[in-house]
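Trainee: Could you walk me through one part of this structure in detail? I would like to look closely at the place where the ligand sits.

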Amino acid sequence: MDPYHSRTSGSWEAAERVDPVLHQGVAPGPLSKEQLERFDRDGYLALPGWFSEQEAAALLEACDALKVAHAGSDVVVAEPDSDVVRSVFKVHELHERLAALWQGERLAGVARQIVGSDVYVHQSRVNYKPALDGREFFWHSDFETWHVEDGMPRMRSVSASISLTPSTEFNGPLMLVPGSHRSYIRTVGETPPEHYKQSLRRQQIGVPDVDALSYLVERGGIVAPKGPAGTVVFFDCNTMHGSVGNLSPEPRTNLFFVLNSVENRLVEPFGGLPPRPEHIATRG
Ligand code: 6CS
Ligand code: FE
């Protein structure tokens, strides 16, 4: 029986995580012992200043150029209620500055330290969250989607969210539920065919209901790490997260790399539907 089955019954369930968070314990690498222990406990680690504001500005320039260069192609996803660009996917293959970035010690080095093996990019994306038009990302566990819809076998991948603009309380910062990575919420509802055409704009299937969310938040609360451009939030593939819309007059642009263990490559999706396209989930 698949320990991480989901969208398989009419009621939600909080199942135990059966994978470790630190796959080789507290191991040497870019993070200190104290930082690793915080990641293990909380399911995320916020590092203001991990990249400099100058580095972030150069990355923002590259990411804004991608939005223009790839307008109208499959890698570009619009907001749910307009044609405003919400995300661009597979950016690690679209710009040499981004291809070099994820392989560095500050990203791949951290992921290797946590997953205990070499890593590859399962998914990369830029969430532009433009001023006023940038809508919410509803609460979700990435792993629940990647397991059911992409065929990611186990919880052995790390996401890095790099703020390319400042994250404040006004522009829809990434919100996370500390400790939620240790409960696997089996969600309710059937996955529609080609669900990604809807879910990447506004996800409504594979998401917790208010009782499931309360179960997690009562135990861990909600945090929204703030910080200057260059801040990185590393989070476990199963940490419950989301973000509200951006009502500030400035964009809140985040660059994501999902680094998966090479020993956790995708198999047939566990939800029984055809795999999602390559620009959303690396299968090669
Ligand atoms: O479905 C996915 O793969 C994407 N959706 C969200 C909201 N986060 C994870 C991932 O980027
Ligand atoms: Fe996500």
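Mentor: Happy to! Let's start with a single contact: a polar side-chain atom of Arg-276 lies 2.8 Å from an oxygen atom of ligand 1. Please keep in mind that this is a predicted model, and every distance here is computed from it. Two further contacts go with that one. Gln-123 places a polar side-chain atom 2.5 Å from an oxygen atom of ligand 1, while His-140 has a polar side-chain atom 3.0 Å from a nitrogen atom of the ligand. Taken alone, ligand 1 exposes 300 Å², and the protein buries 93% of that.

Now step back to the residues around the ligand. Ligand 1 is surrounded by Gln-123, Arg-125, His-140, Asp-142, Thr-145, Trp-146, Leu-200, Gln-203 and Arg-276. Sorted by class, this shell has 2 nonpolar, 4 polar and 3 charged residues. Strand 5 and helix 5 each supply at least two residues of the shell, and the largest share, 3 residues, comes from helix 5.

What space does ligand 1 take? The ligand takes the space of the largest cavity, which has a volume of about 400 Å³. Of the 26 residues that line this cavity, the closest to its centre are Arg-125, Phe-137, His-140, Asp-142 and His-241. Arg-125, His-140 and Asp-142 are also among the residues that surround the ligand.

Which elements build the wall of the largest cavity? At least two lining residues each come from strand 5 (119-127), strand 6 (137-140), helix 5 (142-150), strand 11 (241-243) and strand 12 (254-261). Helix 5 gives the most to this lining, with 4 residues. By class, the lining has 8 nonpolar, 11 polar and 7 charged residues.

To put the site in context, a search of the whole structure finds 3 cavities of 30 Å³ or more. The second largest cavity holds about 60 Å³ of space. Its lining is made of Ser-161, Ser-163, Ser-167, Pro-173, Leu-174, Pro-225, Lys-226, Thr-231, Val-233 and Asn-254. These residues divide into 4 nonpolar, 5 polar and 1 charged.

If you have the model open, go back to helix 5 to tie this together: helix 5 gives the most residues to the lining of the largest cavity and the largest share of the shell around ligand 1. Then find Gln-123, His-140 and Arg-276, whose polar side-chain atoms make the contacts we began with.

Note on methods. Residues are numbered from 1 along each chain as its sequence is written. Chains are lettered from A and ligands numbered from 1 in the order in which they are written. This is a predicted model: local features need pLDDT of at least 70, side-chain atom pairs count only at pLDDT 80 or more; totals for chains, interfaces and linings use all residues. Side-chain values use heavy atoms; hydrogens and water are left out. On a 1 Å grid over the protein atoms alone, a cavity is a set of points where a 1.4 Å probe fits but cannot get out, and a pocket is an open set with protein on both sides within 12 Å along at least five of seven lines; lining residues have an atom within 4 Å of a point. Grid points are joined across faces, edges and corners, and a volume is the space filled by probe spheres set on the points. Ala, Val, Leu, Ile, Met, Phe, Trp, Tyr, Cys and Pro count as nonpolar, Asp, Glu, Lys and Arg as charged, and the others, Gly among them, as polar. A residue is near a molecule or strand if one of its heavy atoms lies within 4 Å of it. A polar contact is a pair of N or O atoms within 3.5 Å; within protein, one must be able to donate a hydrogen and the other to accept it, and residues adjacent in sequence count only if both atoms are side-chain atoms. Accessible areas come from the Shrake-Rupley method with a 1.4 Å probe; for residues, only the protein chains shown count as cover. A molecule sits in a cavity or pocket if more than half of its atoms lie within 2 Å of its grid points.
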